[in-house]
Amino acid sequence: MIQIKKIIFREIHLPLKEPFVISSGVQDLRRIIVVELEDVDGAIGWSECVADELPNYMPETTDIAWLTLHEWMAPAILSQAFDGPEAVYPFLQKDIRGHFMAKAAVEMGMWELDARKQGISLSKRLGGTRTEIATGISIGIQENPQRLAAKAGQYLAQGYRKIKLKIKPGADVEYVAAVREALGPDAPLMVDANNAYTLDDLDVLMQLDQFNLVMMEQPLAWDDYVQHAELQRRLKTPVCLDESITGIERTHDMLTLKSGRIVNIKPGRVGGFSSSLAIHDLCMKNDIPVWCGGMLEGGIGRAHNVALASLPNFTLPGDVSPSDRYWAQDIVTPEWTMNSQGMVTVPLDQPGMGVEPDLDRIEDLTVKRDTFKL
Ligand code: OSB
Ligand code: MG
């Protein structure tokens, strides 16, 4: 039984080492809402909200998430005792439509708290089976193809197991060609367009189909299934859905319509871990591989992603890069590292997410705070 007695939301401003450019915008600072939960027995749980400043990935933003956490999620969580973290998402879904990032933030904190309370790792609590997870890297759009190829080569040499190139019209075929040429025919390359194309761009997408890519992520509209299905019929490259998958129902839609052959699960986008586990299981039953995407999380959100990626059907490398790929200093100790084989160790030897929030660092970065008590 979990009865939460206190919730603290802190908005932190965490500067990226270098700007991250995708087809829909640039980020140089993450405005992350950090969630701290405490239950009546004194157990603590931590999580992050993945929403960011602008609505150019999904409709939710940091400010909208702050409002919904304040108005609805916190009062809902404090309103009753839950049998376990599994009960949280159905409860939040009942009378609150959408707002999956805000829901995920509190829901994942409940799982983390429960794992700590049971004295087991978050990975084990979720049903994880891996002791280490394979890691890829997502490279933002660069000034020119040569620069992108040079960066991709460095990352491959560092051990990353999948190289994801962000693309947009005008920075696509030539860029991917340069990387394929530099890295060789077998390097594990993929592209992510963040909705920058339509079916009118079929000629470009057909050219990209010639590069032996591991997948093409969300090339078409952010909430589409039908046109992705049309595209998938034409491509040999598997289409992977990211933005379109906001929960189990949308995964059923994808399977029914054959909108893609791979799913990117970001727990922070789909409403949390219950939803992620349901999508994972459904995909596994249907021979659809999944992988864990990223939202430039700080070390707490990263811990949640690592735990999820330890489940059996996460058979493709995730966008779960080590702390120093993003930050001069992370918000957890120890920071996340990757070995030279591109593997991140799943922390299994301590209760919960396996890293501790660096409270001094978090306080230093905090710009606003909201506290709720039973
Ligand atoms: O589309 O996967 C995406 C970052 C922010 C918003 C959307 C996306 C991304 C990434 C970064 O690709 C992945 C990471 O966290 O390293
Ligand atoms: Mg994506």
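## An enclosed helix

Eleven of the eleven residues of helix H11 (residues 299-309) are buried, so the helix is largely enclosed by the rest of the structure. The model described here is a predicted one. The buried residues of H11 include the glycines Gly-299 and Gly-301, and among them are also the polar or charged residues Arg-302, His-304 and Asn-305. Ile-300, Ala-303, Val-306, Ala-307, Leu-308 and Ala-309 are buried as well.

One residue of this helix can be related to a loop elsewhere in the chain. Ile-300 and Trp-336 are separated by 36 residues in sequence, and their C-alpha atoms lie 10.0 Å apart in space. Trp-336 belongs to the loop that runs between strand E12 (332-333) and strand E13 (343-345). With a relative accessibility of 6%, Trp-336 counts as buried, because the limit for that class is under 20% relative accessible area.

## The magnesium site

Three protein residues act as donors to the magnesium ion (ligand 2): Asp-192 and Asp-242 through OD, and Glu-217 through OE. These donors lie 2.2 to 2.3 Å from the ion. Along the chain, their spacing follows the pattern D-x24-E-x24-D. The pair Asp-192 and Asp-242 links distant parts of the chain, the two residues being 50 residues apart. Asp-192 is in strand E7 (residues 189-192), while Asp-242 is in the loop between strand E9 (239-241) and helix H9 (248-257).

Both aspartates fall into the buried class: Asp-192 has a relative accessibility of 1%, and Asp-242 has one of 0%.

## Surroundings of ligand 1

Asp-192 also takes part in the surroundings of ligand 1, since an N or O atom in the side chain of Asp-192 is 2.9 Å from an oxygen atom of that ligand. The side chain of Lys-266 likewise places an N or O atom 2.9 Å from an oxygen atom of ligand 1. From Met-295 the approach is made by the backbone, with an N or O atom 3.4 Å from a ligand oxygen. Taken alone, ligand 1 exposes 390 Å², and the protein buries 99% of that area.

There are 15 residues around ligand 1. Those that come nearest are Ser-138, Asn-194, Lys-266, Leu-296 and Tyr-326.

## Aromatic pairs and charges over rings

Six aromatic pairs are found in a search of the whole structure. In one of them, the ring centres of Phe-9 and Phe-372 are 5.9 Å apart and the planes stand at 75 degrees, so the arrangement is edge-to-face. This pair links distant parts of the chain: Phe-9 lies in strand E1 (residues 4-22) and Phe-372 in strand E15 (residues 366-373), 363 residues apart. Phe-9 counts as buried at 1% relative accessibility, and Phe-372 is buried with a relative accessible area of 14%. Together with Trp-66, Phe-9 and Phe-372 form one aromatic cluster.

Trp-66 also has a charged neighbour: the charged end of Lys-368 sits over its ring, 4.7 Å from the centre. A second lysine, Lys-162, lies over the face of Trp-291, at 3.7 Å from the ring centre.

## Polar contacts at strand E1 and before it

Glu-11 is placed in strand E1 and, at 2% relative accessibility, counts as buried. The side chain of Glu-11 makes a polar contact of 2.8 Å with the side chain of His-13. Another polar contact, of 2.6 Å, joins the side chains of Glu-11 and Arg-31.

Gln-3 is found in the segment before E1. Its relative accessible area of 17% places Gln-3 in the buried class, because the cut-off is under 20%. The side chain of Gln-3 reaches the backbone nitrogen of Ala-81 at a distance of 3.2 Å.

## A buried tyrosine after strand E7

Tyr-197 is located in the loop between E7 and helix H7 (202-208). At 2% relative accessibility, Tyr-197 counts as buried. Tyr-197 and Asp-172 are 25 residues apart along the chain, and a distance of 11 Å separates their C-alpha atoms.

Terms used
Residues numbered from 1 in each chain as written. Chains lettered and ligands numbered in written order. Predicted model: local features only at pLDDT ≥ 70, side-chain atom pairs only at ≥ 80, totals over all residues. Heavy atoms only, no water. Phe/Tyr/Trp six-rings, centres within 6.5 Å; stacked < 30°, edge-to-face > 60°. Helix = DSSP H or I, 4+ residues; strand = E, 2+ residues; numbered from the N terminus. Buried < 20%, exposed > 50% of the residue type's maximum accessible area, 1.4 Å probe, protein only. Lys NZ or Arg CZ within 6 Å of the ring centre and 35° of its normal. Donors = N, O, S within 2.8 Å, 3.2 Å for Na, K, Ca; no water. Near = heavy atom within 4 Å. Polar contact = N/O pair within 3.5 Å; in protein donor to acceptor, adjacent residues only side chain to side chain. Areas by Shrake-Rupley, 256 points an atom, 1.4 Å probe, with all protein chains shown as cover.
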